[in-house]
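Open the model in your viewer and keep the sequence panel visible. The stops below go from a strand to a pair of helices, then to a second pair.

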Amino acid sequence: MAGVWVTICLPAEAAGDIDGALAEALAPFCLDTGDNPVDRGMWDKRRIHGGSNGMGFAVAPGFMDDPRLIHDDPGYDGTPCPSAPGVCAGGPRALLDFSQPHLASERAVAASWDLWHNLSAVHPPAIPLAVFVDRWRNDPAAFPGDRWGDEMLSAYRAQPLIGAYLDHPFSLDMGYLGFVGPRDPEEHPVISYDGTRAAYIRDLTWSNSPDTDVLTLDGWWLEGGTNAVHAFCEPDLCPHDPPKPTVWPGSEAYLADLPGNTILVRLHCHA
């Protein structure tokens, strides 16, 4: 089982009950029911996600505070996930900015920089991760019995500045705290970055927009533009021709051409 990103297309009248409309649209693709064919099972857990990490949509000028915008559900542990400034997890298509494919990522990366520097102004400086790793490897008294480095990494994260930053969604899950083969833990790139804010944003922004699955208004789950599963048919017996997006990969190009009142919602699903 793995995670999958999917953009749900809902009609304008869904605005009054987004969660109910999502439940109805997604029900034919749920794995945890005996009512659906096995080959139509696409998810078993879901959450609205994308506003906090740049995987969502850039908000169009003039709509930054529009109440029709959709924002992330809390994390699975209940942690709030506020949207990065100028980013959301969905809303009416006309409120979303598709003019630059990397814009949502760029805004989220800017938020990650700003968060680090704001927190650095109110917390004591942190000891670099490399110092902890060196102690763990070379000082037997530093972390006795810590074979896998768990206590060492916990001590690193326990620093107020590091904990406040890495526990915030705007840190974007960058960096790496763990050991896999010869790979050492790596600090979040903002922590040791010695360039300007503009250079950081340029270097860390994704060059392309997210390429997600799409659940269309008429019930087709499109996987990368190559596979289509219909909500109302047995997959092997479906007589219908699936829609053909004009551009794929790059599902944003398909979404950008939808009517302006179409409500788009980005989900991350367990599938």
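Start by selecting P92 and I263: in strand β10, I263 is the bridge partner of P92. This is a predicted model, in which local features need pLDDT of at least 70 and side-chain atom pairs count only at pLDDT 80 or more, while totals for chains, interfaces and linings use all residues. Residues are numbered from 1 along each chain as its sequence is written, and side-chain values use heavy atoms, with hydrogens and water left out.

**Strand β10 and its partners**

P92 and I263 belong to a pairing of strand β5 (residues 90-92) with β10, antiparallel and made of three bridges. Strands here are DSSP runs of E with at least two residues, helices are runs of H or I with at least four, and both are numbered from the N terminus. Two strands pair if DSSP finds at least two bridges between them.

Next, select residues 263-270, the whole of β10; six of its eight residues are buried. Buried means under 20% relative accessible area, with a 1.4 Å probe and protein chains only.

Add strand β1 (residues 3-10), which pairs with β10 in the antiparallel sense over eight bridges. Within β10, H268 is the residue opposite W5. Then add strand β2 (residues 45-48), antiparallel to β10 and joined to it by four bridges. Here R46 faces C269 of β10.

**Helices α2 and α7**

Move to S105, which lies in helix α2 (residues 103-120). Is S105 buried or exposed? S105 is buried, because its relative accessible area is 5%. Leaving out residues up to four places away in sequence, S105 touches G54, T205 and W206; contact means heavy atoms within 4.5 Å.

Now show helix α7 (residues 197-204), whose axis comes within 9 Å of that of α2, crossing at roughly 135 degrees. Axes are lines fitted to C-alpha atoms, for helices over the stretch in contact, and angles run from 0 to 180 degrees between N-to-C directions. To see the contact, select E106, V109, A110, S112, W113 and D114 of α2 with R197, Y200, I201 and L204 of α7.

**Helices α3 and α4**

Finish with helix α3 (residues 129-138) and helix α4 (residues 150-157), which pack at about 150 degrees with axes 10 Å apart. The residues to select are L129, F132, V133 and W136 of α3, and M152, L153, A155 and Y156 of α4.

Conventions
Buried means under 20% relative accessible area, exposed over 50%, partly exposed in between (1.4 Å probe, protein chains only).
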